[in-house]
Amino acid sequence: MLIWRLVLGAVFIGGVAGLCWADYHATAPGIFLLPLALVVATGATREMIDMLRRGGWQPAAWPVYLGNAAIVAANWFSRSGSLGDFDGPAFAFAFSVIVVFAVEMARYREPGRSSVNLGAAILVLAYVGWLMTFLVELRFVGGPQTGMAALVSLVIVVKMCDTGAYTIGRLIGRHKMAPRLSGGKTIEGLAGGLLFACLGSWCSFRFVVPGLASAALPALPGQTWLVFGLLVGFAGVLGDLAESLLKRDLGCKDSSTWMPGFGGVLDVIDSLLLAAPVGYVVWRWVS
């Protein structure tokens, strides 16, 4: 299992790195990452709907699939015309909620289920589609070059935090952090994760960011890397716990089992979803 996880992880990293390289040099920023974002949104939506159904909820699936695809795709359409950065996704989210209500009106037969199904559908739209909007918008914050630096730095910090929390937790973890949500997470692992997040942030702002956006980025405040590492790392930990909350409440061990050693799409991106808004705010502040 460990060998398979390492091989699959190397394939993922290589594939995403290749798409980022191609997108960085593309004349239309985002053109290579849009298909990846749509695939991820679709996979995460499917896993959320499956988990909700296993928990006894029955949201209408097709308006949620279309809604999340529209919310994510709208980030690129907001780049043209007179729309603001978040106008397109906000309109798509609002219209998706309207469609969900209309579908539940058509499905209504007796009291007791419609409100639950509405809540479940809107949860998936907000958790997957709307939070992914911040991840996509990082690609464009401050311009094409700075945006790629922002996106890559966020992924590095979050995944370094995941690695540090897992490694330190396995080595010296003794005190449970949130035993009711995740029995394997420890306070020592949290400290190690934040330490690794700050290391990843320092490396990002020392090497990656200057290499990608040196000509487009103004001089950064001296301790930006520390603020970014701590805030994004901690938000990533909350993102991991947020998915644990959903899985525990719905009685699921993993969001899916199609990726042995990793779980499902949500198990890979859960920490990124809650870290993305925090990272976006920091990058808007510095750029």
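## A tour from Glu243 outward

Begin by selecting Glu243, which is buried, with a relative accessible area of 0%. Bear in mind while looking at this side chain that the model is a predicted one. Glu243 belongs to helix H8, and if residues up to four places away in sequence are set aside, the residues that Glu243 touches are Tyr127, Ser255, Leu266, Asp267 and Asp270. If you then draw a distance from Glu243 to Gly200, the two C-alpha atoms turn out to be separated by 23 Å, with these positions 43 residues apart along the chain.

Stay on the helix and move to Lys247, which also lies in H8, the helix made of residues 224-250. Is Lys247 buried or exposed? Its relative accessible area is 8%, and because the limit for a buried residue is under 20%, Lys247 counts as buried. Displaying its surroundings, again without residues up to four places away in sequence, brings up Met51, Cys252, Lys253, Asp254, Ser255 and Asp267 as contacts of Lys247. Two of these names will be familiar from the previous stop, since Ser255 and Asp267 are touched by Lys247 and are also among the residues that Glu243 touches.

Next, select helix H9, residues 265-286, and within that helix pick out Gly279. Gly279 is buried as well, at 0% relative accessibility. Which residues does Gly279 touch, when those up to four places away in sequence are not counted? The contacts are Leu138, Leu154, Phe228 and Val232. Of these, Phe228 deserves a distance label: Gly279 and Phe228 are 51 residues apart in sequence, whereas their C-alpha atoms are 7.1 Å apart in space.

For a contrast, go to helix H7, which spans residues 187-213, and select Ala191 there. Ala191 has 48% relative accessibility and therefore counts as partly exposed. A label drawn from Ala191 to Lys176, a residue 15 positions away in sequence, should read 12 Å from C-alpha to C-alpha.

Now colour the cysteines and look at Cys161 and Cys198. Cys161 is buried, with a relative accessible area of 1%, and Cys198 is buried too, with a relative accessible area of 10%. How far is the sulfur of Cys161 from the closest cysteine sulfur? The distance is 8.8 Å, and the partner is Cys198, so the pair is too far apart for a bond. Starting from Cys198 gives the reciprocal result, as the closest cysteine sulfur to it is that of Cys161, at 8.8 Å. A disulfide is a covalent bond between the sulfur atoms of two cysteines, and a search of the whole structure finds zero of them.

Finally, zoom out and switch to a cartoon view of the whole protein. The secondary structure comprises nine helices and two strands, and, read from the N terminus on, these elements follow the order α-α-α-α-α-α-β-β-α-α-α. The radius of gyration is 19 Å, close to the 19 Å that the globule rule gives for 287 residues, so the protein is as compact as a globular protein of that length. Along the principal axes, the C-alpha atoms fill a box of roughly 60 × 55 × 30 Å.

With the whole protein in view, colour by burial and then by contact. Buried residues account for 47% of the 287 residues. Among contacts between residues at least 6 apart in sequence, 72% join residues at least 24 apart, and the contact of Gly279 with Phe228, whose partners are 51 residues apart in sequence, can serve as an illustration. Turning on the surface, you will see about 14,100 Å² exposed, of which carbon and sulfur atoms supply 71%. As a last selection, show the charged side chains: 20 are positive and 16 are negative, and the centres of the two sets lie 5 Å apart.

Notes. Residues are numbered from 1 along each chain as its sequence is written. This is a predicted model: local features need pLDDT of at least 70, side-chain atom pairs count only at pLDDT 80 or more; totals for chains, interfaces and linings use all residues. Side-chain values use heavy atoms; hydrogens and water are left out. Helices (H or I, at least four residues) and strands (E, at least two) are DSSP runs, numbered from the N terminus. Buried means under 20% relative accessible area, exposed over 50%, partly exposed in between (1.4 Å probe, protein chains only). Contact means heavy atoms within 4.5 Å. The radius of gyration is taken over C-alpha atoms; the globule rule is 2.2 Å times the number of residues to the power 0.38. Accessible areas come from the Shrake-Rupley method with a 1.4 Å probe; for residues, only the protein chains shown count as cover. Lys and Arg count as positive and Asp and Glu as negative; His and the chain ends are not counted. The place of a charge is taken as NZ of Lys, CZ of Arg, CG of Asp or CD of Glu. A disulfide is a pair of cysteine sulfur atoms within 2.5 Å.
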